[in-house]
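Here is a quick tour of one model, taken a helix and a few residues at a time. Have a look at the structure, then read on.

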Amino acid sequence: MPDDVLLRVEDLKKHFPVRGGVFSRPVGYVRSVDGVSFDIPRGKAFGLVGESGCGKTTTARLVLRLLEPTAGRVLFDGRDLNKMGREELRKMRREMQIIFQDPYASLNPRIPVEQIVGEALEVHGIAKGKAKHDRVIDLLEMVGLRPEQARRYPHEFSGGQRQRIGVARALALNPKLIVADEPVSALDVSIQSQIINLLEDLQKKLGLTYLFIAHDLSVVRHISDIVAVMYLGKIVELASENDLYENPLHPYSRALLSAVPIPDPMHRRERIVLEGDVPSPVNPPSGCRFHTRCPIAVDRCKTEEPGLRDLGGGHQVACHLATRQAASPAAS
């Protein structure tokens, strides 16, 4: 594993059993994540995008080992998380933190902000008493909140302020990796940019590495250095941020990008509308999982599953028909 790679995911899978019958035996499996691999370099932001239900959040929970994988490995700083015992994993979690999607549901409404942010400091034996109080105040100021707000409760804050509290809590232990699970999707558009700018500033100041999960491609483009597109439990395209947005090679990526609005009334994109619904992850299609909705699918797509292949410059795509010269959804 190269020294510049902080997180490596290798062929990660998570299949949830579907139980039925009198004895509740497994009658099938939901293939939520089905063979995902990627690397996140140190100090970079890795964006993971796709429709709801494609497996993004499950991937994030597997990376943090909040869920046990069915197969595959997660290597953090060269160490295999799946081989760690309980105590070793607890120590490792100081270096890996998460920002949740809902800034209200993720905060305990019965305790003040100072206790919410400072709890991890006591749990890991880092600070108590005045040292903990001072650290909490520093964290609140770092995310744009005032010291006197430490005594307030979550319901006394706006949605954007609550998410800032979530960011402060994630920073409390000086982690190397932060998993941001759709951290702005529950916020007003006017507040989203403030939180994104805060995350960018913190990354530059603290040298953080992000796994940033979202379904809003414009948000992902703003913060990510590398972007992976997921569909039905698999990564179908992976490239640098500029390469993916300027020249998407997979038909699914092109369809997603065609739906991103352009903030100019004089320019319009040609919209690519996909037909049909997303297939069930319990019984995914044979061959390429996207072939049932793909506008360019051929017979080979129905029988042979494409693997990720590099078409140059680290731009990887899982499509039999993709070429480097594929057209992007340019404005017209």
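Which residue follows α4, and what is the sign of its phi? Helix α4 is followed by Gly144, and the phi of Gly144 is positive, near 90°. Keep in mind that this is a predicted model.

## Helix α4 on its own

Let's start with length. Helix α4 runs over residues 129-142, and at 1.5 Å a residue its 14 residues should span 20 Å. The C-alpha atoms at its ends are 20 Å apart, so the expected and modelled spans agree.

Now for what is tucked away. The buried residues in α4 are Lys132, Val136, Ile137, Leu139 and Leu140. Looking down the axis of α4, these buried residues fall within an arc of 165°, so they line one face of the helix. As a reminder, an α-helix has 3.6 residues a turn, so residues three or four places apart point the same way. The cover over the buried residues of α4 includes α3 (113-123) and α5 (159-171).

## How α3 meets α4

The axes of α3 and α4 come within 9 Å and cross at roughly 120°, and the crossing is right-handed. On the α3 side, the contact is made by Val113, Glu114, Val117, Gly118, Leu121 and Glu122. Their partners in α4 are Lys132, His133, Arg135, Val136, Leu139 and Leu140. Split by type, the residues of this contact come out as 6 nonpolar, 2 polar and 4 charged.

## Two buried spots elsewhere

Gly166 sits in helix α5. With a relative accessibility of 6%, Gly166 counts as buried, because the cut-off for that is under 20%. From the C-alpha atom of Gly166 to that of Ser253 is 31 Å, with their positions 87 residues apart along the chain.

Over in strand β8 (residues 209-214) you'll find Thr209. Thr209 is buried too, at 2% relative accessibility. Leaving out residues up to four places away in sequence, Thr209 touches Leu6, Ile40, Pro41, Arg42, Gly43, Lys44, Lys176, Leu177 and Ile178.

## Positive phi without glycine

Asp11 isn't a glycine, yet its phi is positive, about 50°. Asp11 belongs to strand β1 (residues 5-20), and at 41% relative accessibility it counts as partly exposed.

Glu182 is another non-glycine with a positive phi of about 50°. Its home is the loop between β7 (177-181) and α6 (189-206). Is Glu182 buried or exposed? Glu182 is buried, with a relative accessible area of 9%.

Definitions and conventions
Residues numbered from 1 in each chain as written. Predicted model: local features only at pLDDT ≥ 70, side-chain atom pairs only at ≥ 80, totals over all residues. Heavy atoms only, no water. Helix = DSSP H or I, 4+ residues; strand = E, 2+ residues; numbered from the N terminus. Expected span 1.5 Å × (residues − 1). Buried < 20%, exposed > 50% of the residue type's maximum accessible area, 1.4 Å probe, protein only. Arc of directions from axis to C-beta. Contact = heavy atoms within 4.5 Å. Axes fitted to C-alpha atoms, helices over the stretch in contact; angles between N-to-C directions. Left-handed = near helix turned anticlockwise from the far one by under 90°. Nonpolar A, V, L, I, M, F, W, Y, C, P; charged D, E, K, R; others polar.
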